[in-house]
Amino acid sequence: MSLNKLVSPAASCQRLPIATLTFHLNTSVYRYKNGELTKCENEHIVMGNTYPLLGIVDDIAELTDGRFVKGIAHQKPTIHYGILEVLGESVNVCNRTGLILRQVNHGQIFKVENIATNSEGTIHFYAINKHEYISSVEQIRFIAGYLLLKRNLTLVYNGKPLILVANKPYPFSEAFGMQVLLTDYEDTWVDVNGLDYKINNTVEK
């Protein structure tokens, strides 16, 4: 578990966070006012705290409490998208150009600092540090977070009932809107709208 304080998302948020941000400096924040991002004179991001992230567009981070942070590339916060578990042996670790730098083996776990996708959107590249990437074609398992339901939920998977048991953590690999993509059940999305649930990120795990 992270030793940093985790600032909880606003209850009214209609999107699930995709990552967490930990800032290493006190940082100015902005809110939309009259259709424009306006600096909040009496608010700031507290150094060392971890905040759920909805997304980054044009170097501006959107937090779940309605605040925005500009100049993310300059701020250089620690971004945590999830964890990567190595399932195979001799899994390749490459640089940005695809050059193999080293190999990792079954059981190793890495924090994911960024996720890139090829132009076709079919292959993900998980950044395990600023210079090294592991491709989704390798024998790996990516976990963005864990879904815990307060009540059993029945889905259909491969034409058969799939019961998600209450209070059991189910890893997911992606969040989109209010849906999560379960890691261990291919192409299975869960819409949490109207459900009694909790999301645990991998910083807390």
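I started with strand S5, residues 60-63. Strands here are DSSP runs of E, at least two residues long, and helices are runs of H or I, at least four, all numbered from the N terminus. S5 has a covered face, Ala61 and Leu63. Its uncovered face holds Ile60 and Glu62.

This is a predicted model, where local features need pLDDT of at least 70, side-chain atom pairs count only at pLDDT 80 or more, and totals for chains, interfaces and linings use all residues. Residues are numbered from 1 along each chain as its sequence is written, and side-chain values use heavy atoms, without hydrogens and water.

**Neighbours of S5**

Next I looked up the partners of S5. Two strands pair if DSSP finds at least two bridges between them. I recalled that strands of a sheet pair through backbone hydrogen bonds, either parallel or antiparallel. Strand S4, residues 50-57, runs antiparallel to S5, and four bridges join them. Leu53 stands opposite Leu63 of S5. S4 and S5 form a hairpin with two residues between them. In that turn, Asp58 has a positive phi of about 55°.

I then followed S5 to strand S6, residues 68-70. This pair is also antiparallel, over three bridges. Glu62 has Phe68 in S6 as its bridge partner. Four residues lie between S5 and S6 in their hairpin. Gly66 takes a positive phi near 90° there.

**The five-stranded sheet**

I moved on to an open sheet of five strands. Its order is S21-S20-S19-S16-S22, with antiparallel pairing. Which strands are at the edges? They are S21 (189-191) and S22 (197-201), and each pairs on one side only. Neighbouring strands of this sheet are turned by 40° against each other on average, direction ignored. For such angles, axes are lines fitted to C-alpha atoms, for helices over the stretch in contact, and the angles run from 0 to 180 degrees between N-to-C directions.

At one edge, S21 is joined to strand S20, residues 179-182, by three bridges. Gln179 has Asp191 in S21 as its bridge partner.

I spent longer on S16, residues 145-149. Buried means under 20% relative accessible area, exposed over 50%, and partly exposed in between, with a 1.4 Å probe and protein chains only. Five of the five residues of S16 are buried. Gly145, Leu147 and Leu149 are on one side, and Tyr146 and Leu148 on the other. Both faces are covered.

S16 has three bridges to strand S19, residues 170-176. Five bridges join S16 to S22. Gly145 appears in both pairings: its partner in S19 is Phe172, and its partner in S22 is Asn201.

**Cysteines**

I searched the whole structure for disulfides, meaning pairs of cysteine sulfur atoms within 2.5 Å. The search found zero. Why does Cys40 count as buried? Its relative accessibility is 13%. Cys94 counts as buried too, at 17%.

**The whole chain**

Last, I took the overall view. The protein chain has one helix and 22 strands. Its radius of gyration is 18 Å, close to the 17 Å that the globule rule gives for 205 residues, so the chain is as compact as a globular protein of that length. The radius is taken over C-alpha atoms, and the rule is 2.2 Å times the number of residues to the power 0.38. The C-alpha trace spans about 50 × 45 × 35 Å along its principal axes. Of the 205 residues, 40% count as buried.
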